[in-house]
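Biologist: Could you open the model for me and walk me through it before I get back to the bench?

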Amino acid sequence: MSTNDDGPVVAADAAVAPAAADAAAVPHSCAREAVPRCGEGGGEEAVPKPAANATVPPALSPQQENMTELKVMFLNAHLFYGTTAAFFSRGLVGNDMARARAICALVQREQPAVFGLAEVWGGPPRALITSTLAAHYNSWTPGSAMWWGVGMGSGLLLLTRKPLVPEDCQFTPFKELSGWDAWSCKGVASATVGGIRVLVTHTQAGASCRNATGSSLAASGTPLKCRKENLIKILGDIPAHESVPALLMGDFNISELSLDFAQRTQQYIRMSALFDCEHLVDAFRAVRPLACADAAALSAVPDEPDLFITNDAVRNELVRTFGNKRRTDRTRLDYIFVRGLRTVRAEVLSGAGVDDVPVGATGGKHTSVSDHQPVLCVFSTTP
């Protein structure tokens with residue numbers, strides 16, 4: 001496992017912020033990666049190949065440069081290569097280094113000002129992403145490994161074009177985690193980017209997140225209780241002052257709709273109500289009101305789910321490869337919530353650069369960047 005040190009990783013041409021306090025005194029503070037030990041997880045090249053074939057991204061528009069237009073992207077990347085878990089369970093790894101390079105290419109194409117990632121567990125793919133994009137992005141890996149390097153860290157990674165101030169970065173670990181998540185250091189990371197408080201998170205996984213009525217929650221009560229605690233922790237890190245713009249992104253492991261798209265799930269309703277207390281709204285629904293509130297509406301607009309599905313076992317083989325054997329599950333688990341900014345555009349990315357990652361010696365086979373689809377939003381900072 002890789003280790004953590006003080007301070008976010010700052011691009012060479014960016015202003016270097018003052019050093020953070022000692023990590024031992026301030027646990028879960030801003031973390032700078034040391035060089036990861038390679039070869040811990042099976043099946044792929046051991047040494048990252050970061051910047052040799054990196055392309056120069058296009059120049060930012062004046063709106064992006066002046067932060068009047070803010071492009072934000074989130075992705076659950078499912079990158080386990082280089083972890084102890086992958087050493088014992090090779091099924092967790094699937095062309096991780098090729099997918100990490102594809103993620104870099106996607107960032108260079110889309111040019112988000114802020115990019116949040118979850119499940120960047122492995123040191124080699126994390127080092128590849130941060131080093132490939134270091135010329136244009138500052139990076140922060142919040143959280144730390146647990147139990148003498150056997151744990152998984154937080155899996156979170158935040159990339160921003162604006163400088164990150166170490167003293168301003170905060171990581172709050174979740175106290176309630178169950179199952180395999182208990183081996184991780186999942187939590188919520190927050191930092192200020194251009195006057196906007198940005199939070200990235202990944203909550204407890206597990207059964208019942210797609211249950212619509214709540215009737216089967218007793219069989220999977222522990223994950224549900226953990227997620228409730230996770231959401232409360234997140235709420236505590238959102239700035240209390242409504243005047244402070246805020247963005248909250250992550251894989252919440254809560255589906256918006258039941259599997260038949262007939263109704264909203266109780267967990268989504270509760271989550272939305274909780275964040276509404278701090279005036280955070282689902283950015284996707286701010287510009288794309290739900291068109292399939294019931295089965296009849298869904299049948300009238302059969303393509304509507306394709307607009308918002310982020311975990312699609314029908315179209316994305318990695319969803320099945322990494323554990324979901326049901327080929328019919330299509331859910332929305334990844335969200336960007338917003339306060340104080342106007343949502344201009346929101347979409348789930350698919351197609352070129354997302355679902356056609358070349359793999360294999362000849363590149364004749366293809367896979368997706370992850371078992372989740374990237375979520376992209378554009379916000380206006382002006383009224």
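Modeller: What follows goes from the overall make-up to the sheet, the helices and some single residues.

Modeller: This is a predicted model, in which local features need pLDDT of at least 70 and side-chain atom pairs count only at pLDDT 80 or more, while totals for chains, interfaces and linings use all residues. Residues are numbered from 1 along each chain as its sequence is written, and side-chain values use heavy atoms, with hydrogens and water left out.

Biologist: OK, how many helices and strands does the protein have?

Modeller: The secondary structure comes to nine helices and 18 strands, where helices (H or I, at least four residues) and strands (E, at least two) are DSSP runs numbered from the N terminus.

Biologist: And what share of the residues counts as buried?

Modeller: Of the 383 residues, 55% count as buried; buried means under 20% relative accessible area, exposed over 50% and partly exposed in between, with a 1.4 Å probe and protein chains only. The accessible surface comes to about 15,700 Å², of which 57% belongs to carbon and sulfur atoms, as computed by the Shrake-Rupley method with a 1.4 Å probe, where for residues only the protein chains shown count as cover.

Biologist: Let's look at the sheet with E5 in it. What is the strand order?

Modeller: Six strands form an open sheet in the order E5-E6-E4-E3-E18-E15, with mixed pairing; two strands pair if DSSP finds at least two bridges between them. Strand E5 (138-140) and strand E15 (342-348) stand at the edges with a single partner strand each, so one side of each has no neighbour in the sheet. From one strand to the next, the twist averages 15°.

Biologist: In what sense do E5 and E6 pair?

Modeller: E5 and strand E6 (residues 157-160) pair in the antiparallel sense over three bridges, and Ser139 stands opposite Leu159 in E6. Helix H4 (residues 123-132) packs on the sheet, where it touches E3, E4, E5 and E6, and its direction makes about 5° with that of E6. Axes here are lines fitted to C-alpha atoms, for helices over the stretch in contact, and angles run from 0 to 180 degrees between N-to-C directions, while contact means heavy atoms within 4.5 Å.

Biologist: Which strands does H3 lie across?

Modeller: Helix H3 (residues 96-110) lies across strand E3 (69-79), strand E4 (114-120) and strand E18 (375-380), and runs at about 175° to E3.

Biologist: Switching to H6, which of its residues are buried?

Modeller: In helix H6 (residues 266-276), Gln267, Tyr268, Met271 and Phe275 are buried. Seen down the axis of H6, these buried residues fall within an arc of 100°, so they line one face of the helix; the arc is that of the directions from the helix axis to the C-beta atoms.

Biologist: Is Ser154, in the loop between E5 and E6, buried or exposed?

Modeller: Ser154 lies in that loop between E5 and E6 and counts as buried because its relative accessibility is 3%. Not counting residues up to four places away in sequence, Ser154 touches Trp121, Pro142, Gly143, Phe171, Cys185 and Lys186. Ser154 and Asp181 are 27 residues apart in sequence and 9.8 Å apart in space, C-alpha to C-alpha.

Biologist: What about Arg339, where is it found?

Modeller: Arg339 is found in strand E14 (residues 334-339), and at 2% relative accessibility Arg339 counts as buried. Leaving aside neighbours within four places in sequence, its contacts include Glu242, Glu278 and His279.

Biologist: I usually check cysteines too. How many disulfides are there?

Modeller: The count comes to zero disulfides, taking a disulfide as a pair of cysteine sulfur atoms within 2.5 Å. Cys104 counts as buried at 2% relative accessibility, whereas Cys277, at 53%, counts as exposed.

Biologist: Last thing, backbone angles: what is phi of His78?

Modeller: Phi of His78 is near 50°, a positive value in a residue other than glycine. Most residues other than glycine have a negative phi. His78 is found in strand E3 and counts as buried at 6% relative accessibility. Asn253, also not a glycine, has a positive phi of about 55°; Asn253 sits in the loop between strand E10 (246-251) and H6, and at 9% relative accessibility Asn253 counts as buried.
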